[in-house]
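Dear colleague,

I am passing on the structure we spoke about, together with some notes on what came out of the analysis. Please read the notes with the model open beside them.

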Amino acid sequence: MPDLNGITVHPDCRHFRGDLPCRPNKEHGYQCGGCPMYAPVQQRILIIKLGAIGDVIRTTPLLRRLRQEFPHCYITWLTHTPAILPAQEGPDEVLKFELSSIVQLQGREFDILYNLDKDKEAGALLNSIRATQKFGYALRPYDGVAWPQNELANHKFLTGVFDELSLQNQKPYVQEIFELCGFESRGEEYVFDNHQDKGYEWPMLPAATGRRVGLNTGCGDRWTTRLWSDEKWVALIQQLQYGGYQPVLLGGEAEDARNKRLHAATGAVYPGTFPLPQFINLLDQMDLIVTQVTMAMHISIALRKPTVLMNNIFNPYEFDLYGRGQIVQPDRPCVCFYRGSCKLGTSCMEELPAEKVFAAVQQSLPV
């Protein structure tokens, strides 16, 4: 180990900072020589997963496998949304995608680099950051096209660029990501924080009887073909109430007006809108969640809640509910695969009866 002015220093320790005193030094006064908390890192791993919050959440099962395969590794994760990654059991280092992070990453070396995004900037980083092994997607320098780094990425790449292949795919997203990284998925669960330590209180919720059903009523602005009408939501709420369940309306600012209308029409509890950590904790108070393919769906799965997923425009094989809940689809086959507007004028979601969703709730969460 290197000595500086006769002082032993362990820069390979996972606690060592270099720019500041490490936690063992700050809390216990330990120096590297003879430190009982010395933990040498054997592999340094970089994950580049920038994308949407939901995609970041559903990539976290990879952390569990990496900890098994490389128990002495140090994992760095680069993303647009650092706050969604948990402090406990999460990456050792989370960096926000910005210039300062890119500059330091390009000055470092890694044993393994996984780039899981086809974004051009992500592929360019795979090209420019030094690593012994690289997986995922690169950027072809001469035409700026995202491209598989090796054949392990071929399947996931092809299903992302050809709708016909995406429709034929029968592999869940998590399995595709594992295979891209050279692993076989074993049903690893998400790594996630329910924020129960934040002291959030929910006095407006109905009593916890094991029958709270959260209804996430929105679907974002991009894929409006997923929307269900107010009339359908009212019908479902009334069936839930009659069946002995306790419906709770969920959503963000985009769903606020709709949820207020549904509350006025049915009396279903609507707690309001909240910052993301508090919203996550609210979902954790539910016993089952009904949702479209949205961020709330990913959160529900991550929280290990039974999930009734209402789907039309996406390949249902993409979503793994881990044996908790069901996927329900319209009675009329959807012809608008990955489209934000319906080719026929009226979305097939209107062909999904409330009775079908209610039956899935009953099967997934018997009263």
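A residue is called buried here when its relative accessible area is under 20%. By that cut-off Cys13 is buried, since its relative accessible area is 8%, and Cys32, at 16% relative accessibility, counts as buried too. Please keep in mind throughout that this is a predicted model.

Let me stay with the cysteines for a moment. A disulfide is a covalent bond between the sulfur atoms of two cysteines, and the criterion applied is a pair of cysteine sulfur atoms within 2.5 Å. For Cys13 the closest cysteine sulfur is that of Cys35, at 6.4 Å, which is too far for a bond. The sulfur of Cys32 has its closest cysteine sulfur in Cys22, at 6.3 Å, and that is again too far for a bond. The count of disulfides by this rule is zero.

As for the chain as a whole, it has 13 helices and 13 strands. Its radius of gyration is 23 Å, close to the 21 Å that the globule rule gives for 367 residues, so the chain is as compact as a globular protein of that length. The C-alpha trace spans about 75 × 50 × 35 Å along its principal axes, and 50% of the 367 residues count as buried. If one takes the contacts between residues at least 6 apart in sequence, 58% of them join residues at least 24 apart.

Two sheets deserve your attention. One is an open sheet of six strands with mixed pairing, in the order S5-S4-S3-S6-S7-S8. Its edge strands are S5 (93-96) and S8 (146-148), each of which pairs on one side only, and the twist from one strand to the next averages 30 degrees. Within this sheet, S6 (residues 109-115) and S7 (residues 130-139) pair in the parallel sense over six bridges, with Phe110 having Ala131 in S7 as its bridge partner. Helix H5 (residues 120-128) lies across S3 (43-48), S4, S6 and S7, and runs at about 155 degrees to S7.

Strand S4 (residues 73-79) contains Ile75, which is buried, with a relative accessible area of 0%. Leaving aside residues up to four places away in sequence, Ile75 touches Ile45, Ile47, Leu63, Leu66, Arg67, Pro91, Asp92 and Glu93. On the same basis Leu66 touches Ile45, Ile47, Cys73, Ile75, Tyr114 and Phe183. The largest nonpolar core has 53 residues, and the members that touch the most others are Ile47, Leu66 and Tyr114. Apart from that core lies another, of 26 residues, among them Val234, Leu249, Ala268 and Phe358. To give a sense of distance within the model, the C-alpha atoms of Ile75 and Phe279 are separated by 27 Å, with the two residues 204 apart along the chain.

The other sheet is also open, and consists of five strands in parallel pairing, in the order S10-S9-S11-S12-S13. At its edges stand S10 (246-250) and S13 (325-328), each with a single partner strand, so one side of each is left without a neighbour in the sheet. The twist here averages 15 degrees from one strand to the next. Strand S9 (residues 212-216) is joined in parallel to S10 by five bridges and pairs with S11 (residues 288-291), likewise in the parallel sense, over three bridges. Val213 stands opposite Pro247 in S10 and opposite Leu288 in S11.

Although S10 is an edge strand, five of its five residues are buried, so this strand is largely enclosed by the rest of the structure. In a regular strand the side chains alternate between the two faces of the sheet. In S10, Gln246, Val248 and Leu250 point one way and Pro247 and Leu249 the other way, and all are buried.

Finally, helix H12 (residues 295-302) is mostly covered, with seven of its eight residues buried, namely Ala296, Met297, His298, Ile299, Ser300, Ile301 and Ala302. These buried residues pack against helix H2 (53-57), S9, helix H11 (276-284), S11 and S12 (307-310).

With best regards

Methods. Residues numbered from 1 in each chain as written. Predicted model: local features only at pLDDT ≥ 70, side-chain atom pairs only at ≥ 80, totals over all residues. Heavy atoms only, no water. Helix = DSSP H or I, 4+ residues; strand = E, 2+ residues; numbered from the N terminus. Buried < 20%, exposed > 50% of the residue type's maximum accessible area, 1.4 Å probe, protein only. Contact = heavy atoms within 4.5 Å. Core = buried A, V, L, I, M, F, W, Y, C linked by side-chain atoms within 4.5 Å. Pairing = 2+ DSSP bridges. Axes fitted to C-alpha atoms, helices over the stretch in contact; angles between N-to-C directions. Rg over C-alpha atoms; globule rule 2.2 N^0.38 Å.
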